[in-house]
Amino acid sequence: LDRVLVESALEILDQNAKSKGYLPGCNAIFLEVSSAEKVTINQDVVDPRMRHTIYHQIGFRLLDCEYIAPPLSPSFPKLKDLFLTVYLTPHIPKMPLEDNKYYLPSSVLKNFMTVLWQNAKFTHKISSDPESDPDYLRSLEQIDLREKIPLMDLPWGAAKPWTLVDLWDDFDASLLFRFYYDLMIPNFPLPGELEPYENFLDG
C-alpha cells in the first residue's frame, strides 16, 4: 500500500510539473525521517530503524549529507534530528561503473534546500532571511563541494565512520597522499602488489 501511495503521488507530481512547463516531470520526491541515533523508540510511535527499513523497501535512499530543516514555528528550534531521503524515480541517475548505486545532482538538492528555507520565511516560520542563518549557509556550502550526492543503502545512521569522496570531482592532493601511504601501503605490503603513487595521482 505504501508503494502504491508513493507511485500515485509521483504520478500527480509528474503531471503538475509538466503542466508548469517541466516536460521531463518531477525530478525528485524528498522525505524526512527521524535519525535513529537522535530519536529513540520511546520518542516515536515506531522504532526509527524499522521505519528506515520500510522506506528503503519502498524505494527511498538516504542522501549522504547533513540535513538541518527550518523550525515548524518561530517558537520552535531548527530540526536537527532528521535525515533527508529521496525516492528512486526513473530520473535518479546511477553512479558510473557501479551497479545499483545512485546519486542526486547537487543542483537538485540545493534547489530543494533553497525553496524549503524560502518557504519557511514566506510562511513566517522564521523571522530572518535564510541567508543570515549559519546552518542554512553551511548546508549550501557542503552541497556545493560535490557535483554528485551519493544515495546510501541501509543502515541509515550518522555513526558510519566514513563518507564517500569523489576525488575526480573534488580533488584533494593531501587526502590522496594519506589514502595511499596510510591505508593502501599497509594493506598491500608485497613488492609489485600495489601500483606506484604516481599512477593514482595521474588517474
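Start with the sheet. In this predicted model, five strands form an open sheet in the order E1-E3-E2-E5-E4, with antiparallel pairing. Select residues 30–34 and 103–105. These are the edge strands E1 and E4, and each pairs on one side only. Look along the sheet: neighbouring strands are turned by 40 degrees against each other on average, direction ignored.

Next, select residues 60–63 and 82–87. Here strands E2 and E3 run antiparallel, joined by three bridges. Find Phe60, which stands opposite Tyr87 in E3.

Now select residues 106–122. This is helix H3, lying across E1, E2, E3, E4 and E5. Its direction is at about 65 degrees to E4.

Turn to the salt bridges. The whole structure has 11.

Show Arg146 and Asp64. Their closest N and O atoms are 3.4 Å apart in a salt bridge. Arg146 sits in the loop between H4 and E5, while Asp64 is in the loop between E2 and E3, 82 residues apart. Are Arg146 and Asp64 buried or exposed? Both are buried.

Move to Arg138 and Glu66, another salt bridge, with closest N and O atoms 3.3 Å apart. Arg138 is in helix H4 and Glu66 in the loop between E2 and E3, so the pair ties together parts 72 residues apart in sequence. Add Lys78, Lys80, Asp133 and Asp135 to see a network of salt bridges that links them with Glu66 and Arg138.

Last stop: Lys101 and Asp153. Their salt bridge has its closest N and O atoms 3.7 Å apart. Lys101 lies in the loop between E3 and E4, and Asp153 in the loop between E5 and H5. Lys101 counts as partly exposed at 35% relative accessibility, and Asp153 counts as partly exposed at 31%.

How values were computed
Residues are numbered from 1 along each chain as its sequence is written. This is a predicted model: local features need pLDDT of at least 70, side-chain atom pairs count only at pLDDT 80 or more; totals for chains, interfaces and linings use all residues. Side-chain values use heavy atoms; hydrogens and water are left out. Two strands pair if DSSP finds at least two bridges between them. Helices (H or I, at least four residues) and strands (E, at least two) are DSSP runs, numbered from the N terminus. Axes are lines fitted to C-alpha atoms, for helices over the stretch in contact, and angles run from 0 to 180 degrees between N-to-C directions. Contact means heavy atoms within 4.5 Å. A salt bridge is a side-chain nitrogen of Lys or Arg within 4 Å of a carboxyl oxygen of Asp or Glu. Buried means under 20% relative accessible area, exposed over 50%, partly exposed in between (1.4 Å probe, protein chains only).
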